[in-house]
Amino acid sequence: MNAAPTVYRDRKSPRKPYSLWADFVRSSLWTVPGVAILILVLFLSIGKVHLSNAVRQFVGALIYSACIGMPSIVLLTWIGRRFSAAYPRLVVAMEAVALLCTATVGSLVAGVVYQVCRMIPRSEFWPEFRVSYPFAIVISLAVGLVLASLETMRHKLQSATLELRTRQVEQERANKLLAEARLSSLESRIHPHFLFNTLNSIASLIPSDPVRAEATVGKLASLLRFSLNANQTSLVPLEQELKVVRDYLEIESTRFGARLRYQIDVPEALGQVKVPPLALQSLVENSVKHVAAQHSAGATIRIAAREEKGRVSLDVIDDGPGFSLAAVSPDHGLGNLAARLRLLFDDAGQLDVTRSDAKTVVRISLPADI
């Protein structure tokens with residue numbers, strides 16, 4: 001149950017109708033079965049479905065995915081083409097409302113299809129709707145918004161590439177566009193790797209703690225919204241970055257519970273310091289993935305910041321064994337961050353890893369811009 005990524009049309013290269021239909025068919029071919037498989041895996045993991053009836057449940061998930069996903073593709077495509085340029089901030093809310101509508105109507109239509117296919121008797125229509133509707137809302141919003149955000153990033157990178165190919169300008173302008181395109185390319189790789197784990201956690205919370213499940217959905221939506229807007233600016237205030245970090249850690253706390261402990265020690269006076277978007281979040285995500293998730297005792301993560309002699313240091317400290325930046329792949333989150341720091345600050349932006357008091361300290365050092 002999901003919508004395909006938003007499809008945008010560039011004014012300089014209008015797309016023919018058959019091209020839009022081709023995008024619709026291509027998106028449907030991988031989105032509908034892909035989300036059906038995701039639903040089946042989630043239900044198997046929380047014990048809602050047994051292997052003995054997995055085939056029947058997959059067919060049911062495929063029906064729901066088709067009834068919700070296909071109209072979502074049409075709506076999100078129309079919203080993206082009509083409103084993304086004029087209302088770039090409002091378009092995310094419009095997409096969320098569209099997903100809520102398609103999830104509601106699609107769930108009702110899926111119930112009718114169930115009856116036509118004799119998968120449920122007529123008397124079970126509303127009980128089936130009440131059980132499936134919360135999952136339809138959660139999965140439609142989470143998967144639909146993240147795919148829409150990733151497609152938006154991809155489109156912006158394509159637009160920058162098109163500019164480089166079609167406009168013959170002076171070398172200085174060409175170099176600037178190239179740097180922007182490279183930065184967009186790096187930022188387009190930043191997406192929530194923990195999405196499926198979060199969906200699993202939300203699904204398990206719905207029966208036992210729906211209030212916390214709703215709060216987790218809100219934090220996930222906030223994080224996805226920030227990720228969507230991150231490629232529109234190279235730097236953001238530190239206080240915005242810290243809010244994303246807190247939301248991320250609260251989301252991961254639904255998975256790890258008491259195994260994940262964290263502390264944020266950042267002076268309020270540094271709230272307006274400009275930092276690359278998702279920089280601290282990348283460091284914290286690295287600690288969660290490679291320390292908290294790998295040790296039965298979990299991890300304690302501390303985020304600290306200080307300003308000295310016109311420079312700001314941002315530290316993420318954990319009790320992991322440490323590592324070497326030289327061994328980190330450029331495609332890794334930390335390699336991505338190091339590349340962005342070089343593009344934004346040249347030699348003035350640094351990423352370092354040290355050991356202190358049996359702790360691993362990963363530090364971002366950059367010019368203070370308060």
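**Entry 1: two helices**

I began with helix H2 (residues 54-83) and helix H3 (residues 90-116), whose axes come within 8 Å and cross at roughly 150 degrees. Angles over 145 degrees count as roughly antiparallel, so I noted H2 as roughly antiparallel to H3. The model I am reading is a predicted one. I also looked up the hand of the H2 and H3 crossing and wrote down right-handed. Then I sorted the residues in the contact of H2 with H3 by class: 19 are nonpolar, 5 are polar and 1 is charged.

**Entry 2: aromatic pairs**

How many aromatic pairs does a search of the whole structure find? I recorded 4. One of them joins Tyr 64 and Tyr 114, with 5.6 Å from centre to centre and 80 degrees between the planes. I entered this pair as edge-to-face, because planes over 60 degrees apart count that way.

Where do Tyr 64 and Tyr 114 lie? Tyr 64 is in helix H2 and Tyr 114 is in helix H3, so the pair ties together parts that are 50 residues apart in sequence. This took me back to the two helices of my opening entry.

I next checked whether each ring is covered. Buried means under 20% relative accessible area. Tyr 64 has 5% relative accessibility, so I put it down as buried. Tyr 114 has 8%, so I marked it buried as well.

I then turned to Phe 125 and Trp 126, which form an aromatic pair that is edge-to-face. For Phe 125 and Trp 126 I noted 5.0 Å centre to centre and 90 degrees between the planes.

Are Phe 125 and Trp 126 buried or partly exposed? Phe 125 has a relative accessible area of 13%, so I listed it as buried. Trp 126, at 49% relative accessibility, counts as partly exposed; the cut-off for exposed is over 50%.

I followed these two residues further and found them in one aromatic cluster made up of Phe 125, Trp 126, Phe 129 and Tyr 133.

**Entry 3: helix H9**

Last, I looked at helix H9, which runs over residues 279-292 and has 14 residues. From its first C-alpha to its last, H9 reaches 19 Å. I compared this with the 20 Å expected at 1.5 Å a residue and noted the two as close.

How many of the 14 residues of H9 are buried? I wrote down 12, and so H9 is mostly covered. Among the buried residues of H9 I listed Ala 279, Leu 280, Gln 281, Glu 285, Asn 286, Val 291 and Ala 292.

Note on methods. Residues are numbered from 1 along each chain as its sequence is written. This is a predicted model: local features need pLDDT of at least 70, side-chain atom pairs count only at pLDDT 80 or more; totals for chains, interfaces and linings use all residues. Side-chain values use heavy atoms; hydrogens and water are left out. Axes are lines fitted to C-alpha atoms, for helices over the stretch in contact, and angles run from 0 to 180 degrees between N-to-C directions. Helices (H or I, at least four residues) and strands (E, at least two) are DSSP runs, numbered from the N terminus. Angles under 35 degrees count as roughly parallel, over 145 as roughly antiparallel, 65 to 115 as roughly perpendicular and the rest as oblique. A crossing is left-handed if the near helix is turned anticlockwise from the far one by less than a right angle, and right-handed if clockwise. Ala, Val, Leu, Ile, Met, Phe, Trp, Tyr, Cys and Pro count as nonpolar, Asp, Glu, Lys and Arg as charged, and the others, Gly among them, as polar. Rings of Phe, Tyr and Trp (its six-membered ring) pair if their centres lie within 6.5 Å; planes under 30 degrees apart count as stacked, over 60 as edge-to-face and the rest as tilted. Buried means under 20% relative accessible area, exposed over 50%, partly exposed in between (1.4 Å probe, protein chains only). The expected span of a helix is 1.5 Å times one less than its number of residues.
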